[in-house]
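Dear colleague,

I am passing the structure below on to you, together with some notes on what turned up when I went through it. Please read the notes alongside the sequence and the coordinates.

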Amino acid sequence: MSLVSVVNAVKTYGTGEAAVHALRGVSIEIEPAEFTVISGPSGSGKSTLLNLIGCLDVPDGGTVRIEGRDVNGLDGSSLAALRAARIGFIFQSFNLIPVLTALENVELALQLAGAPAAGRREKCAETLTAVGLGGLLDRRPNQLSGGQQQRVAVARALVKQPALVIADEPTANLDSTSGTAVLDLMRDMNAARGVTFLFSTHDPKVMERARRVVTLTDGQITADEFRT
Amino acid sequence: MMLLLRLAVRNARRNTVRTLLTALTVTFGTAVLTVAMAWITGVFGDVLGTAADAAGHVRVVDPDFASREQMNPLYEHVTGVAARAEAIAAMPGVSDVAPRIMTGVSVSVGDEIGEVFALAMGAPKAYYERRMRFDEHLVEGSIFPGQSPKEIVLGATVAKRAGVKIGDDIVLFGQTQDGSMSPLRGPLVGIVHTGTAAIDQGAFVLLERMMYMADIDDAATEILVFGEDRDDAPALAATVSAAPELNGLTVQAWTHREPWSGMLAIADVVRGILVAIVVFITALGVWNTMMMSVMERTSEIGVMRSMGLSRMGAVFLFVSEAGGIAVLGGLLGVAIGGAAARYLEVVGVTLGEATTAQFPSDIPMKATLYADMRPDIAMTAFLLALLMAAIGSALPSLRAASIAPVEAMRTGRR
């Protein structure tokens with residue numbers, strides 16, 4: 001069974017002449033432990049596809065299944081529960097909660113996933129240590145560099161051991177060195193823990209490391225390349 | 001839950017100045033409510049308490065007297081008051097019974113009809129002592145010492161206007177039940193000053209003397225009945241009205257008599273309007289702050305929603321933040337308002353007898369008005385502070401809850 005199965009997904013924003021057809025019958029299967037990039041020009045539908053796969057939105061037509069579960073029929077709270085338990089997110093702007101420390105930012109993800117309080121902080125500390133931030137647990141985001149913040153975001157996404165991590169342009173706001181380091185980290189996590197990563201990016205460095213590159217153009221998949 | 005609470009607290013500290021201003025808004029609102037409620041309770045409670053004590057928790061009258069009370073028809077009296085009073089006194093919950101007659105008189109020294117007018121009252125001595133508390137307000141002489149059944153006590157205002165002193169032979173010119181002139185002569189034995197215009201403008205004699213002046217035997221226009229607590233008057237009225245000795249008579253709790261029932265309603269309306277206005281204005285302040293917080297944190301809420309924060313969780317986050325501000329502001333407001341109310345409770349505000357004399361004679365308004373600061377007022381004001389926060393944060397919280405998780409993706413690219 002595929003981890004993600006999108007079949008003939010359609011998404012349209014607006015109506016009439018103002019309608020924007022973001023996705024026009026997209027179908028894609030993503031297997032566990034993939035390290036996949038979705039690329040394409042702006043407006044090609046990358047973000048819309050990620051939103052559907054991340055259960056942040058539902059398609060107007062077609063189906064999206066996560067671990068075999070059709071998300072179309074789920075209500076808001078069921079989608080929230082699915083996201084909390086099975087999907088991690090990494091954003092271009094890191095999007096850490098500024099008033100929480102690195103440790104608390106990671107712990108929040110675990111708490112929202114319903115993890116019991118016992119051992120939660122220890123688990124978060126271990127994850128932060130694994131991403132190289134063991135000495136910065138009590139730092140707030142404004143006391144961390146961009147690369148460090150993105151590492152916290154990676155730890156936040158990974159701590160609940162999700163089936164899938166969706167990363168939206170994760171290196172776009174980082175300098176070259178930090179971007180490479182964060183990318184190496186995610187690649188290592190993919191290799192070591194078998195976590196499935198799904199990126200949207202324009203960054204050639206990310207595409208170079210991907211094992212699969214899916215290209216979207218005008219809301220349709222125009223290329224799907226597997227690399228060895 | 002604890003982490004979300006911690007987040008709410010830290011969010012409140014993000015913009016300290018704004019949070020403090022909001023807390024001060026709640027403080028101001030709560031303090032105003034505390035003082036106002038203590039003031040309303042004090043002033044209305046004092047007036048109504050004095051009125052209920054003077055007019056009886058429950059009153060038994062002839063139905064025709066009740067319907068034409070403004071005319072004070074002495075001929076519409078209750079007969080056989082001694083026996084009826086004895087029967088009422090034996091009823092459960094009754095602690096005091098006092099037949100009473102009131103009528104207008106002129107006050108003079110000697111045989112001339114005086115130009116000083118007073119409301120004369122005839123009642124048992126025990127009524128003057130226990131209900132009117134004349135011994136607490138005596139400024140000169142004594143209260144019906146019993147050397148003569150004709151003794152007269154005057155209110156300070158009347159005594160001053162009439163230019164009389166203790167020991168003077170006073171004449172009260174009133175009328176009988178059929179309207180004939182009827183003088184009542186007796187020695188002035190005491191002068192009382194209660195600070196209540198309606199009482200200080202009165203002349204007081206024992207019941208038997210007033211029966212004599214009104215030319216009614218073993219009768220009174222009213223039988224006043226007292227229980228332990230004036231708030232229990234309706235229940236006491238129900239008990240008393242069931243007595244067979246009172247068949248055909250009207251039994252009224254003071255809370256159902258004008259002007260007291262109207263005043264009770266006015267007190268409730270004034271209190272309600274005041275609370276509504278203050279809560280609304282303060283809630284606007286809270287609303288403004290919380291709405292700005294929601295707008296500033298759209299991205300964060302979106303991220304948390306994408307991580308699995310439920311709509312209720314988003315509501316909880318903002319209601320907790322507003323609740324924290326309200327607890328802080330409310331406690332401070334109760335403390336400040338409570339101190340101010342306590343000051344008004346001890347020192348009061350003096351209107352002056354000239355001002356209170358303008359009030360209708362049946363409203364016993366005192367020259368100095370006091371607040372009544374009670375623990376339940378502090379508790380109510382604090383709960384209202386929480387209500388302000390709940391109202392003020394309701395819409396912003398719902399707005400936060402309506403932020404779609406997809407906002408995380410949208411704002412995550414900025």
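The second largest cavity takes the largest share of its lining, three residues, from α12(B), and I should say at once that this is a predicted model. The volume of this second largest cavity is about 30 Å³, and its lining consists of A:Ile97 together with B:Leu7, B:Asn11, B:Arg297, B:Glu300, B:Ile301, B:Met304, B:Leu317 and B:Phe318. Two or more residues of that lining are given by each of α1 (2-12), α12 (298-306) and α13 (311-346) of chain B, and by class the lining residues are six nonpolar, one polar and two charged.

Two cavities of 30 Å³ or more were found when the whole structure was searched, and the largest has a volume of about 50 Å³. Its lining is made up of A:Ile87, A:Gly88, A:Phe89, A:Phe91, A:Ala109, A:Arg156, A:Ala157, A:Lys160, B:Val303 and B:Met307. In chain A, β6 (87-90) and α5 are the elements that give two or more residues to this lining, with β6(A) supplying the largest share, three residues. Sorted by class, the lining of the largest cavity has seven nonpolar residues, one polar residue and two charged ones.

Helix α5 of chain A deserves a few words of its own. It covers residues 146-158, and its 13 residues reach 18 Å from the first C-alpha to the last, close to the 18 Å expected at 1.5 Å a residue. Because 10 of the 13 residues of α5(A) are buried, this helix is largely enclosed by the rest of the structure. Among the buried residues of α5(A) are A:Gln149, A:Gln150, A:Val152 and A:Val154, and also A:Arg156 and A:Ala157, the last two of which appear in the lining of the largest cavity as well.

As for pockets, the second largest one has a volume of about 400 Å³ and is lined by 20 residues, with B:Thr41, B:Phe44, B:Gly45, B:Arg271 and B:Arg374 lying nearest its centre. At least two lining residues come from each of α2 (16-55), α11 (260-296) and α15 (375-401) of chain B, and the largest share, seven residues, is supplied by α2(B). The lining of this pocket divides into seven nonpolar, five polar and eight charged residues.

Two backbone positions in chain B may also be worth a look. B:Asn72 has a positive phi of about 50° although it is not a glycine; it is placed in the loop between α3 (63-67) and β2 (78-79) and is partly exposed, with a relative accessible area of 24%. B:Asp218, likewise a residue other than glycine, has a positive phi near 50°, and it is found in the loop between α9 (207-214) and β10 (219-220), where it is partly exposed with a relative accessible area of 29%.

Finally, some totals for each chain. Chain A contains seven helices and 10 strands, and buried residues make up 55% of its 228 residues; its accessible surface comes to about 8,900 Å², 49% of which belongs to carbon and sulfur atoms. Chain B has 16 helices and 14 strands, and 55% of its 414 residues count as buried, while it exposes about 18,000 Å², of which carbon and sulfur atoms supply 61%.

With best regards

Definitions and conventions:
Residues are numbered from 1 along each chain as its sequence is written. Chains are lettered from A and ligands numbered from 1 in the order in which they are written. This is a predicted model: local features need pLDDT of at least 70, side-chain atom pairs count only at pLDDT 80 or more; totals for chains, interfaces and linings use all residues. Side-chain values use heavy atoms; hydrogens and water are left out. Helices (H or I, at least four residues) and strands (E, at least two) are DSSP runs, numbered from the N terminus. Buried means under 20% relative accessible area, exposed over 50%, partly exposed in between (1.4 Å probe, protein chains only). Accessible areas come from the Shrake-Rupley method with a 1.4 Å probe; for residues, only the protein chains shown count as cover. On a 1 Å grid over the protein atoms alone, a cavity is a set of points where a 1.4 Å probe fits but cannot get out, and a pocket is an open set with protein on both sides within 12 Å along at least five of seven lines; lining residues have an atom within 4 Å of a point. Grid points are joined across faces, edges and corners, and a volume is the space filled by probe spheres set on the points. Ala, Val, Leu, Ile, Met, Phe, Trp, Tyr, Cys and Pro count as nonpolar, Asp, Glu, Lys and Arg as charged, and the others, Gly among them, as polar. The expected span of a helix is 1.5 Å times one less than its number of residues.
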